[in-house]
Amino acid sequence: MVNKETSRVLDLNPPPLPKRHHIILKFLISFLLLGLAFRLFVSDSLSFFTASVVEAPPPLVEETNVLIEPPLPSTSAGDLLSVNESKTIPNEEISMSFNASNVASECDLFVGDWVPDPSAPAYTNSSCRDIEAHQNCMMNGRPDSGYLYWRWNPRSCELPRFDPQKFLDLMKNKWWAFIGDSISRNHVQSFLCILSQVEQAVEVYHDEQYKSKRWHFPSHNFTLSVIWSPFLLKADIFEDINGVSSAETQLHLDKLDKTWTDQYENFDYAVIAGGKWFLKTAIYHENDTVTGCHSCSGKNLTEMSFEYAYRRALKSMLDFMTGSGRKAFVFLRTTTPDHFENGEWFSGGTCNRTVPFKEGEVDIKDVDAEMRGIEMEEFEKASIIGAENGVTLKLLDTTRMSMLRPDGHPGPYRQFQPFAKDENAKVQNDCLHWCLPGPIDSWNDILMEMVIRGAH
């Protein structure tokens, strides 16, 4: 006879399952195990495929050593500017300001990353005849091509590639102007190369030094200009083609450069930029009187900061545009950082990197942060006035995306085959301008997206 305590324990054991329940249970367990195995297999396969896409080396583009005919005057060394070595501003201190771009709130086109892109560039140095010699890195013998296979990817939206056919159709009977220094000339070459895949432009004007030019696209009656005005202000510049100065620049802080202002009423769109030339030695004039200078020791003049002159230039330029009566669509492009390491352009500085920086791997130099800060402040004030006067102002905030691309410069390949005779030759490097094709092409992707947004 079993006692009550033992009976209570035995009662806790469940009764045996019927045979049919055993069969159902085994079926369910088998089904679950099969599903888990399938999921693991698919996940591993996708991971392998993704890794193969990202890590596979990009194909080489066709490299050609055929010179462009007719040869165009090359970019002068004076366009490679010295920036004094100075402390940098940590990324965390500038991250907030980099997010303050004048674009639609749902997507900031200028906050993103450079991501691998296996597709070929929109053009090559053999398919575009508008690349100046100093930016034609492949022709000049640059041995690597990995820098061509990256695209700018905003973090909160997709950025379509520049569509030259769509652009030209939208811009029938319009006139675009790029106004600024040699970076603007570098930019317009990229612009031309992309458009030439649809229609080849006809050059209808150039100045004596080939620094200012104008092209016409007959099928679309589209006009494109580049106007060399490195200060945006009236300036008497005494430099030869190699950038060697015979006297200090005479800069008139209260007078805009008529080279571009006299043509401004023709423009429907303008991309304007400045900055780096204000770091050069210059004598400042206001009201036709010398008021001081920048970096002119021994002249017995009041030393004035480049920030003062640059702010005056931007304010005068933006006041002119917002008050001229011409309701143009104006882009203000922010300053472009250089990537000289171990020196400057005149003291052996180089840029030998072959991949982009990642977020947090590089800090902005204080001089670039100061320039961009001035640009942001003056732009914000002018955009309010522009809106009241029917002038569209947009900030083309390329500073951060450019800062992440130390691999996109000509470096020693600003010259044709610099190491052909001596592999250890010491040559001047260009770590400011951009190879074509190259990272600067993404600026045009953004330009087109901003134009389309602005049209709605």
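Colleague: Where does P437 lie in this model?

Modeller: P437 is placed in the loop between helix 9 (399–403) and helix 10. The model is predicted, and what follows should be read in that light.

Colleague: What is the omega of the peptide bond that joins L436 and P437, and what kind of bond is it?

Modeller: Omega is about -5° there, and the bond between L436 and P437 is cis.

Colleague: Why is helix 5 called roughly perpendicular to helix 10?

Modeller: Helix 5 (residues 182–195) packs against helix 10 (residues 441–454) at an angle of about 75°, and their axes are 9 Å apart. An angle from 65 to 115 degrees counts as roughly perpendicular, and the pair is therefore described in that way.

Colleague: Which residues make that contact, and what is their character?

Modeller: From helix 5 come I183, H187, S190, F191 and I194, and they meet D441, W443, N444 and L447 of helix 10. By class, the residues of this contact are 5 nonpolar, 3 polar and 1 charged.

Colleague: Which strands does helix 5 lie across, and what is its direction relative to strand 7?

Modeller: Helix 5 crosses strand 4 (175–180), strand 6 (213–217), strand 7 (222–228), strand 13 and strand 15, and runs at about 160° to strand 7. Angles over 145 degrees count as roughly antiparallel, so the value of about 160° puts helix 5 and strand 7 in that class. Helix 10 also packs on the sheet, where it touches strand 4, strand 10 (269–272), strand 13 and strand 15, and its direction makes about 145° with that of strand 13.

Colleague: What makes strand 5 and strand 15 the edge strands of their sheet?

Modeller: The sheet is an open one of 7 strands in the order 5-6-7-4-10-13-15, with mixed pairing. Strand 5 (202–206) and strand 15 (392–396) each pair on one side only, and these are the edges. Between neighbouring strands of this sheet the average turn is 15°, direction ignored.

Colleague: How do you know that strand 13 and strand 15 count as a pair?

Modeller: A pair needs at least two bridges. Strand 13 (residues 329–333) and strand 15 have 5 bridges in the parallel sense, and therefore they qualify. F329 stands opposite T392 of strand 15.

Colleague: What is the strand order of the sheet that contains strand 8, and which strands are its edges?

Modeller: That open sheet has 4 strands in the order 8-9-11-12, again with mixed pairing. Its edges are strand 8 (233–236) and strand 12, each pairing on one side only. From one strand to the next, the twist averages 30°.

Colleague: What makes strand 9 and strand 11 a pair?

Modeller: Strand 9 (residues 249–256) runs parallel to strand 11 and is joined to it by 4 bridges; at least two are required, so the criterion is met. One of the bridge partners is Y284 in strand 11, opposite L251. Helix 7 (residues 306–323) packs on this sheet, touching strand 8, strand 9, strand 11 and strand 12, and its direction makes about 40° with that of strand 9.

Colleague: What is notable about N287, and where does it lie?

Modeller: N287 has a positive phi of about 55° although it is not a glycine. The residue lies in the loop between strand 11 (282–286) and strand 12 (289–294).

Colleague: How does the span of helix 8 compare with what is expected?

Modeller: Helix 8 (residues 366–388) has 23 residues and reaches 34 Å from its first C-alpha to its last, close to the expected 33 Å. Helix 8 is followed by G390, with a positive phi near 75°.

Note on methods
Residues numbered from 1 in each chain as written. Predicted model: local features only at pLDDT ≥ 70, side-chain atom pairs only at ≥ 80, totals over all residues. Heavy atoms only, no water. Axes fitted to C-alpha atoms, helices over the stretch in contact; angles between N-to-C directions. Parallel < 35°, antiparallel > 145°, perpendicular 65-115°, else oblique. Contact = heavy atoms within 4.5 Å. Nonpolar A, V, L, I, M, F, W, Y, C, P; charged D, E, K, R; others polar. Expected span 1.5 Å × (residues − 1).
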